Amino acid sequence: MLDDLCIAEGEQRGRCVPVKQCERVLTTIRKESLTNEDIQYLYGSECGRTPDGRALVCCPQSSIIAAGTGGLPNGSNSTIRVNAEEERPAETTAPRVCGFQSEVKLANHTIGHHPWTVLLHYGNQAHDSRFNCSGTLIAPQYVLTAASCVDERESWTNLTVRLGEWDLESTVDCVLSPDTDDLVCADPSYDVPVMEVLLHEAYSGRQNDIALLRLSQPVALSDWVFPICLPESPVINETATYSVAGWNQNTCDTLGPRYKLLTAYSALNQTACQRYVPSVAGTSYNFVCVDTDAQAIGDAGGGLTGMKTISRDPRRPVYEIVGVLSSLSSCANFDGISIYTRVGQYLGWIESKLEPLA
């Protein structure tokens, strides 16, 4: 509560005050770049909220600024966390509520983009930054990925999904808003064990490279974890721009980026795509080929997404998953074209595996 006594950093005596009344917090927020220690300090300094929802921080007595004598320009307030639940449809537990992403946008990036993007691992520690594959949340208890990512049955015991990740090297993901000096922090990422691996019955290594992962429990939906929509049909718009979010974990370079990156790609037409699909993989109509302009391949099993609008809210886009990065794309044969299994060709199979929530 406001003005309550608290223990600040370094066991110092402090009080809970608004952010704009704490010189120590303001100095940290205004740094050009924040270290992990800075983020942990800011995130851990929150000690409550005012009745109107403003953040309070535990400030050392020596750093408290008297009310009305300083702080942020124009009396603006910094918030330690963001709660944008009002942006969500009321029925957040319904498996068919999908495709919306956070409207918390900061300059040219946001920690809330593509909240359906997940990482797969086999018991990684919290700060491990290497993952085996990626995947896409399509319902509260189901992740879509490539069968080639999970076809080793002996590894299923420890198979785990990481949700809500953005910065692989930080346990708390925060971004400083350049406009208001607000520190926007996502909920911490977390792991959920995989209960069941559902490989496509006709998977052969090159064909039908698609799988579903059933999680041990439905995940709680939020701005940072939210499912994407399935496409309505196999038909794609070859003139549209598609996007991929990920960490390029199977990049041909030694290390991928620390942060989840968003990249835009153009799709090849079917004739051009067929040139990159080996005969053993079948017809190109089961794939979507994109020109990456010689950029990184992407995360194995990761999703290619498209955007559409809906009649009830044409101003807000809805995202759907168009493809899953297949094993046909690898460092050994990468020439700027990434090949995705076309999700629309497997709608019947996917729907048959999804179990409704109780």
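**Salt bridges, cavities and core**

Lys308 is partly exposed, with a relative accessible area of 23%. That class has limits: buried is under 20% relative accessible area, exposed is over 50%, and partly exposed lies in between, with a 1.4 Å probe and protein chains only.

Before I go on, the ground rules. This is a predicted model, in which local features need pLDDT of at least 70 and side-chain atom pairs count only at pLDDT 80 or more, while totals for chains, interfaces and linings use all residues. Residues are numbered from 1 along each chain as its sequence is written, and side-chain values use heavy atoms, with hydrogens and water left out.

Back to Lys308. Which residue does Lys308 form a salt bridge with? The partner is Glu232, and the closest N and O atoms are 3.3 Å apart. A salt bridge here is a side-chain nitrogen of Lys or Arg within 4 Å of a carboxyl oxygen of Asp or Glu. This pair links distant parts of the chain, 76 residues apart: Lys308 sits in strand S16 (residues 303-310), and Glu232 sits in the loop between S12 and S13. For the element names, helices (H or I, at least four residues) and strands (E, at least two) are DSSP runs, numbered from the N terminus. Glu232 counts as exposed, at 70% relative accessibility. Elsewhere, Arg162, Glu165 and Asp191 are joined into one network by salt bridges that share partners.

The count of salt bridges comes to nine. One of them is between the side chains of Glu196 and Arg214, at 4.0 Å, N to O. Glu196 belongs to strand S11 (residues 190-199) and Arg214 to strand S12 (residues 211-215), so this pair ties together parts that are 18 residues apart in sequence. Are these two residues buried or exposed? Glu196 is partly exposed, at 32% relative accessible area, whereas Arg214 is buried, at 18%.

Arg214 also meets the side chain of Glu355 in a salt bridge, at 3.2 Å, N to O. Glu355 lies in the segment after helix H4 (347-353) and Arg214 in strand S12, so here the parts tied together are 141 residues apart in sequence. Glu355 counts as partly exposed, at 44% relative accessibility.

Next, the nonpolar core. The term covers a set of buried Ala, Val, Leu, Ile, Met, Phe, Trp, Tyr and Cys residues joined through side-chain atoms within 4.5 Å. The largest such core has 48 residues, and Ile138, Val150 and Ile350 have the most contacts inside it. Elements that give two or more residues to this core include strand S5 (117-121), strand S6 (133-139), S11, S12 and H4. S11 gives the largest share, five residues. S11 and S12 also hold Glu196 and Arg214, respectively.

Now the cavities. On a 1 Å grid over the protein atoms alone, a cavity is a set of points where a 1.4 Å probe fits but cannot get out, and its lining residues have an atom within 4 Å of a point. Grid points are joined across faces, edges and corners, and a volume is the space filled by probe spheres set on the points.

How many cavities of 30 Å³ or more are there? The count is three. The largest has a volume of about 60 Å³. Among its lining residues are Val244, Asn248, Thr263, Tyr265 and Asp299. The lining divides into four nonpolar, four polar and one charged. In this scheme Ala, Val, Leu, Ile, Met, Phe, Trp, Tyr, Cys and Pro are nonpolar, Asp, Glu, Lys and Arg are charged, and the others, Gly among them, are polar.

Strand S13 (241-246) and strand S14 (261-267) each supply at least two residues of this lining. The two strands run antiparallel and are joined by six bridges; strands pair if DSSP finds at least two bridges between them. Val244 stands opposite Thr263 in S14. S13 is largely enclosed by the rest of the structure, because five of its six residues are buried. Tyr265, in strand S14, counts as buried at 4% relative accessibility.

The second largest cavity has a volume of about 50 Å³. Its lining includes His113, Glu165, Trp166, Asp173, Asp223, Trp224 and Lys260. By class it has five nonpolar, three polar and four charged residues. Glu165, in that lining, is also part of the salt-bridge network with Arg162 and Asp191.

One last item, from the start of the chain. Strand S1 (residues 5-8) and strand S2 (residues 12-18) pair in the antiparallel sense over four bridges, with Ile7 opposite Arg13 in S2. They form a hairpin with three residues between them, and Gly10 in the turn has a positive phi of about 70°.

Conventions: On a 1 Å grid over the protein atoms alone, a cavity is a set of points where a 1.4 Å probe fits but cannot get out, and a pocket is an open set with protein on both sides within 12 Å along at least five of seven lines; lining residues have an atom within 4 Å of a point.
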